[in-house]
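Here is a friendly briefing to keep beside you while you look over the sequence and the fold. It goes from the sheet to the helices and ends with some single residues.

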Amino acid sequence: MTVRNVIIIGSGPAGLTAAIYAARGGQDPLVIEGFQAGGQLMTTTEVENFPGFKDGVMGPDLMMELRAQAERFGTELLTLDVTKVELDGDIKKVWVDETLYEAKTVIISTGASANLLGLKNESRLMGRGVSTCATCDGFFFRDKTIAVIGGGDSAMEEATFLTRFAQKVYVIHRRQGFRSSQIMLEKAKNNPKIEFVLDTVVEDVIGAEGVEAIALKNVQTNEQSQLPLDGMFVAIGHTPNTKLFIGQVDVDSGGYIITSSDKTHLSATSLPGVFACGDVQDSHYRQAITAAGSGCTAALDAQHYLEG
Ligand code: NAP
């Protein structure tokens with residue numbers, strides 16, 4: 001059994017930046033990138049705020065570039081899901097089903113996943129009108145009427161993107177105030193295809209084979225109503241993908257991995273030799289560029305650890 005220097009779990013901007021740095025540092029990293037590789041940027045449209053791309057770049061294109069850059073310096077990539085880890089001790093153990101991989105350090109960069117509303121018929125109609133990914137599914141809603149749920153940047157971005165296909169997009173948000181940045185909110189507000197329905201929650205999705213309507217309640221008046229439509233996009237935030245690591249590394253109340261506040265090893269977790277970067281440890285900034293920056297930090301921290 002080869003004991004590697006570094007295994008990186010996850011392949012968003014954080015994991016692949018860690019791979020670029022670790023590979024260039026001579027650590028021959030193995031990235032176990034997950035069956036659905038590339039992280040959240042794979043389901044994002046245009047990224048306008050990643051430095052170096054003055055005209056913007058499509059999320060999947062950016063990830064392909066990062067992946068190719070990591071491979072160029074000798075990163076090994078495995079497009080499978082990690083199923084189990086044992087991270088204490090000097091040699092870390094990482095399983096993909098029955099296959100065991102061992103390393104002196106592990107960098108966790110498993111990101112975060114989209115939250116659902118928890119409605120009775122939401123999961124049943126997932127992929128049949130309910131979606132968490134406008135880029136993946138928007139195409140199916142040409143000339144249709146759809147709703148986007150949420151009041152953050154994701155909701156504004158998805159609503160604006162979906163107007164390329166849909167004839168009408170409702171943004172349904174549970175209060176008057178928004179979490180989204182002013183610029184993205186204004187862009188959505190100025191779009192003639194978008195109508196805002198505020199102080200309103202979705203109580204269920206209605207439809208036999210596909211979405212036919214959503215049941216709404218105004219939280220100020222308690223008035224209930226039904227809005228006929230063809231699709232519902234849920235954009236209400238994310239949950240960190242830390243299930244594999246719970247009970248091994250310390251996480252906060254939201255499930256995010258706790259990393260060090262010591263400036264000399266910012267990505268260190270509660271376990272020696274285990275580092276975390278990207279959205280799995282960041283509930284606040286959650287940007288591609290901050291994730292990439294933290295990936296660099298994690299690779300350098302791992303390198304310093306390996307050097308003793
Ligand atoms: P977010 O900022 O956490 O916003 C989530 C929204 O969903 C909030 O408006 C929240 O309402 C609402 N919500 C949460 N749970 C709900 C529920 N159960 N029922 C109804 N509504 C619910 O999440 P996000 O929009 O995914 O953005 C996350 C981060 O990514 C942010 O830092 C954002 O800036 C960034 N981002 C950036 C871009 C970009 O720059 N291109 C694009 C997308 C995301 P309340 O406000 O009432 O809590």
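Two strands count as paired if DSSP finds at least two bridges between them. With that in mind, serine 131 stands opposite phenylalanine 233 in β17. Please remember that this is a predicted model.

**The sheet**

- Five strands form an open sheet in the order β10-β17-β11-β12-β13, and their pairing is parallel.
- The edge strands are β10 (130-131) and β13, each of which pairs on one side only.
- At the β10 edge, two bridges link β10 to strand β17 (residues 231-234) in the parallel sense.
- Further along, strand β11 (residues 145-149) runs parallel to β12 and is joined to it by five bridges.
- One residue pair to look for here is threonine 145 with lysine 168, its bridge partner in β12.
- On to the other edge: β12 and strand β13 (residues 194-197) are parallel and share four bridges.
- Isoleucine 172 stands opposite valine 197 in β13.
- As general background, strands of a sheet pair through backbone hydrogen bonds, either parallel or antiparallel.

**A covered strand, β12**

- How many of the five residues of β12 are buried? Five of the five are, so the strand is mostly covered, with buried meaning under 20% relative accessible area.
- In a regular strand the side chains alternate between the two faces of the sheet.
- In β12, Lys168, Tyr170 and Ile172 lie on one side, while Val169 and Val171 lie on the other, and both faces are covered.

**Crossovers between strands**

- β11, α4 and β12 together make a right-handed β-α-β unit.
- From β12 the chain crosses through helix α5 (residues 182-189) to β13, in another β-α-β crossover that is right-handed.

**Helix packing**

- α4 lies across β11, β12, β13 and β17, and runs at about 165 degrees to β11.
- α4 also meets α5: their axes come within 9 Å and cross at roughly 35 degrees, and the crossing is left-handed.
- On the α4 side the contact is made by Asp153, Met156, Glu157 and Thr160, and on the α5 side by Met184, Leu185, Lys187 and Ala188.
- These residues of the α4 and α5 contact divide into four nonpolar, one polar and three charged.
- Elsewhere, helix α1 (residues 13-24) packs against helix α6 (residues 288-306) at an angle of about 40 degrees, with the axes 7 Å apart.
- The crossing of α1 with α6 is right-handed.
- α1 contributes Pro13, Ala14, Thr17, Ala18, Tyr21 and Ala22 to this contact, and among their partners in α6 are Ala291, Gly295, Cys296 and Leu300.
- The α1 and α6 contact has 11 nonpolar residues, three polar and no charged.

**Two loop residues**

- Threonine 163 sits in the loop between α4 (153-162) and β12 (168-172).
- Is threonine 163 buried or exposed? Threonine 163 counts as buried because its relative accessibility is 11%, and the cut-off for buried is under 20%.
- Beyond its neighbours within four places in sequence, threonine 163 is in contact with Val169, Asn191, Lys193 and Ile194.
- Aspartate 97 is placed in the loop between β7 (92-96) and β8 (99-108).
- With a relative accessible area of 55%, aspartate 97 is exposed, since exposed means over 50%.
- Aspartate 97 and arginine 175 lie 78 residues apart in sequence, and their C-alpha atoms are 44 Å apart in space.

Terms used: Residues are numbered from 1 along each chain as its sequence is written. This is a predicted model: local features need pLDDT of at least 70, side-chain atom pairs count only at pLDDT 80 or more; totals for chains, interfaces and linings use all residues. Side-chain values use heavy atoms; hydrogens and water are left out. Buried means under 20% relative accessible area, exposed over 50%, partly exposed in between (1.4 Å probe, protein chains only). Contact means heavy atoms within 4.5 Å. Axes are lines fitted to C-alpha atoms, for helices over the stretch in contact, and angles run from 0 to 180 degrees between N-to-C directions. A crossing is left-handed if the near helix is turned anticlockwise from the far one by less than a right angle, and right-handed if clockwise. Ala, Val, Leu, Ile, Met, Phe, Trp, Tyr, Cys and Pro count as nonpolar, Asp, Glu, Lys and Arg as charged, and the others, Gly among them, as polar. A crossover is right-handed if, with the strands pointing away from the viewer, the path from the first strand over the helix to the second runs clockwise.
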